[in-house]
Structure formats: structure tokens, C-alpha cells
Amino acid sequence: MNPKWQQILDQVTALRRAEAKRGVTLWYRGQRFAQWPLHSRLHRQCIEYFTKTEIHFGDSEDRNFLREEYKTAYRLFKAKAWHLLDPMERGDWGIIFRMQHHGFPTRLLDWTRSFACAFYFAQLDRNPNEDAAIYVLNPEGLNLVSVGREGLVALDEGGTAGNLDTRPYHPRYLMEKGDPPTIAVVPYFSNPRMVAQSSAFTLSGDSFLPLENQFDGQLVAKDFLRQIILPAEIYQDIEDFLATVGVGHFEYFPDLEGLRSAYRTEMDRTIKHAREILASRKAGANH
């Protein structure tokens with residue numbers, strides 16, 4: 001075992017134990033590129049638009065553009081997909097989580113309460129020669145810094161969660177006043193993938209700064225958020241770890257699409273193994 005892999009396991013174990021003593025469950029996020037910032041899909045899409053068009057607005061105009069883009073995607077999805085939604089998904093936040101599920105731009109950023117699941121996504125489509133990363137988040141610490149309250153925010157159909165007004169986060173309302181910060185939320189609706197992936201979510205505010213750069217570094221300074229680099233040299237250690245715990249595509253995507261991907265992955269492994277055997281035989285024959 002590579003010593004760096006053991007160090008990562010020891011580091012995460014120590015973090016988990018320390019927070020568990022305070023009754024906090026850590027969240028994890030795996031990213032196949034270590035340099036990717038923590039942006040929601042909605043923010044990434046808007047940033048891509050600004051970059052490719054070379055259109056630059058002021059801060060307030062950028063945020064208005066983000067809100068209008070969110071509203072447009074929400075209305076389109078609701079109008080076109082309504083007949084495809086289950087009754088439980090037809091509420092305000094049910095629609096948003098279904099949009100996230102199918103890759104539409106939302107303010108949601110995916111996390112997981114499963115350490116193994118985060119490593120799976122860090123490895124998914126990863127270049128073995130590049131560094132990946134795992135982010136470790138104390139969600140209650142995030143909310144303490146962002147909105148001054150411990151605990152997670154439960155999204156309610158009525159628009160408020162306790163004393164927190166969640167309407168500015170939803171495209172149906174998009175109130176002009178206020179600049180909502182990023183918060184950690186309890187999913188309003190669960191589908192089989194969310195259950196399998198032990199899903200958790202942060203709900204991004206208007207700021208275009210990635211999560212790691214928001215709140216003047218307080219998240220990092222107070223150890224509410226950490227980035228752990230997964231160097232290329234431990235790629236195979238992580239693959240062995242995932243094989244040992246017995247997780248793959250179908251375990252985290254328990255549907256027909258996941259089954260197809262799992263089958264394709266297994267076929268690729270069979271081909272790779274066969275090539276290795278043939279190469280070994282040829283090398284032996286040449287001696």
C-alpha cells in the first residue's frame with residue numbers, strides 16, 4: 001500500500017471521529033480534477049456563457065443573469081417534463097431535485113455522507129495520470145458561518161425553513177432583495193439514486209465565488225471545509241479500495257442506465273485482463 005494512501009485514510013478517519021464526538025456527520029464530495037472549484041451547475045453554466053461570449057456584466061447584472069437563467073430552465077423543465085414527474089415531485093422543491101437528477105442547471109451541489117461514494121465519483125472517468133480530490137465538509141459548520149445557525153436547513157414547500165426565508169433560492173420566487181449565501185440543506189425529495197448515493201446537498205447563493213473562497217476563508221480557517229488531494233500515484237490503491245468494499249456503477253445508479261454502464265465497465269475490464277494475459281504469453285514465448 002502506498003504510504004500516501006494510508007495517510008489519507010488516517011486523516012479522514014481522524015476528522016470523522018472528531019466531528020462524531022460533537023454529533024456532526026461529515027459530508028464528502030469527489031472530483032476527478034483536483035483544480036475544479038466548488039460551483040453549482042447553474043453557476044458553471046453562467047460562467048461558461050460569460051467566458052465563451054466574452055460578455056462581461058457588473059456584479060449585480062451577473063447575478064440577475066444567473067437568476068433569469070435559473071428561472072428559464074425551471075419553467076422549461078416544468079412545462080415539458082410535468083407529465084413525466086411523479087406526484088411527489090410536482091412541488092416546488094421536488095421539481096428542482098428532479099432537475100438536478102437529470103443534469104439541468106440548479107443551485108444544488110451534490111455531496112454524499114458516504115466516504116466510499118465520494119471516492120467512486122473521484123475515480124469516475126478520471127485520468128489515472130492526473131490528481132483528483134476529495135472535499136470534506138462540516139455542513140453544520142457551514143450554516144453557522146453562512147446564516148448564523150447550527151443544524152441543516154429543511155426545505156419547505158411554504159418557502160420558509162424555521163426562521164430562514166428560502167424563497168430567494170427558488171426560481172419561482174427569485175426575490176430581488178437580499179443576497180442569499182450558500183447553505184447546507186436536507187433533500188426535500190429522494191429518488192433511488194439519492195438513497196443509494198447517501199446524497200446530501202449544499203444550496204448555492206448568488207455569489208460567483210466557489211464555496212471554498214466564500215465567507216472570507218472562515219470555512220477553511222475553522223476546518224469546516226477541507227480539500228484532500230488524491231495524487232495520481234495512488235490511483236490503483238483507490239481502485240483496489242473500491243473493489244474491496246464492492247461498489248460500482250450499478251450500486252450508485254440502481255436503474256437500467258446504471259446496469260448498462262456496469263456491464264460496459266465489466267466488459268472493459270475483461271478485455272484489459274485478456275490483453276494482459278496475451279502480452280504475458282508473448283513475452284514468455286520470446287524468451
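Helices and strands here are DSSP runs, a helix having at least four residues and a strand at least two, and both are numbered from the N terminus. Counted in this way, the chain of this predicted model comes to 11 helices and 9 strands.

**The whole chain**

Begin with everything displayed. The chain has 287 residues, of which 45% count as buried. If you look at contacts between residues at least 6 apart in sequence, 74% of them join residues at least 24 apart.

**Helix H3**

Select residues 59-81, which make up helix H3. This helix has 23 residues, and the span from its first C-alpha to its last is 33 Å, close to the 33 Å expected at 1.5 Å a residue. Now colour its buried residues, which are Asp62, Leu66, Arg67, Tyr70, Lys71, Ala73, Tyr74, Phe77 and Ala81. To see what covers them, add helix H2 (41-53) and H4, both of which are included in that cover.

**Where H3 meets H4**

Keep H3 on screen and add helix H4, residues 92-101. How do the axes of H3 and H4 cross? They come within 11 Å and cross at roughly 95°, and because angles of 65 to 115 degrees count as roughly perpendicular, H3 is described as roughly perpendicular to H4. Show the side chains of the contact next: H3 contributes Tyr70, Ala73, Tyr74, Phe77 and Lys78, while H4 contributes Asp92, Ile95, Ile96, Arg98 and Met99. Sorted by kind, the residues of this contact are 7 nonpolar and 3 charged, with no polar ones.

**Helix H4**

Stay with H4 and hide the side chains of H3. H4 is mostly covered, since 9 of its 10 residues are buried, namely Asp92, Trp93, Gly94, Ile95, Ile96, Phe97, Arg98, Met99 and Gln100. These buried residues pack against H2, H3, strand S2 (108-112), helix H7 (192-196) and S8, so it helps to bring those elements into view one after another. After the helix comes glycine 103, with a positive phi near 85°.

**Aromatic rings in helix H5**

Move on to residues 115-123, helix H5, and show phenylalanine 115 and phenylalanine 119, which both lie in this helix, 4 residues apart, about one turn. An α-helix has 3.6 residues a turn, so residues three or four places apart point the same way. The model has 14 aromatic pairs in total. Phenylalanine 115 and phenylalanine 119 form one of them, edge-to-face, with 4.6 Å from centre to centre and 80° between the planes. Are these two rings buried or exposed? Phenylalanine 115 has 18% relative accessibility and phenylalanine 119 has 0%, and both count as buried because the cut-off lies at 20%.

Next select tyrosine 120 and phenylalanine 121, whose ring centres lie 5.2 Å apart with planes at 85°, so that this pair is edge-to-face as well. Tyrosine 120 is buried, with a relative accessible area of 8%, whereas phenylalanine 121, at 24%, counts as partly exposed.

Widen the selection to Trp5, Tyr28, Phe115, Phe119 and Phe241, which together form one aromatic cluster.

**Alanine 118**

Without leaving H5, select alanine 118, which lies in this helix and is buried at 1% relative accessibility. Leaving out residues up to four places away in sequence, alanine 118 touches Tyr28, Arg29, Gly30, Thr112 and Ile134. Valine 136 is 18 residues from alanine 118 in sequence, and their C-alpha atoms are 9.6 Å apart in space.

**Serine 204**

Now go to serine 204, in the loop between strand S8 (199-203) and helix H8 (218-221). Serine 204 counts as buried, with 9% relative accessibility, and, residues up to four places away in sequence being set aside, it touches Ser40, His43, Arg107, Tyr169 and Thr182.

**Glutamine 227**

End the tour at glutamine 227, which lies in strand S9 (residues 225-230) and is partly exposed, with a relative accessible area of 36%. Which residues is glutamine 227 in contact with, leaving aside its neighbours within four places in sequence? They are Ala34, Ala133, Ile134 and Tyr135. As a last step, pick out glutamate 212, which is 15 residues from glutamine 227 along the chain, with a C-alpha separation of 9.0 Å.

Terms used:
Residues numbered from 1 in each chain as written. Predicted model: local features only at pLDDT ≥ 70, side-chain atom pairs only at ≥ 80, totals over all residues. Heavy atoms only, no water. Phe/Tyr/Trp six-rings, centres within 6.5 Å; stacked < 30°, edge-to-face > 60°. Buried < 20%, exposed > 50% of the residue type's maximum accessible area, 1.4 Å probe, protein only. Axes fitted to C-alpha atoms, helices over the stretch in contact; angles between N-to-C directions. Parallel < 35°, antiparallel > 145°, perpendicular 65-115°, else oblique. Contact = heavy atoms within 4.5 Å. Nonpolar A, V, L, I, M, F, W, Y, C, P; charged D, E, K, R; others polar. Expected span 1.5 Å × (residues − 1).
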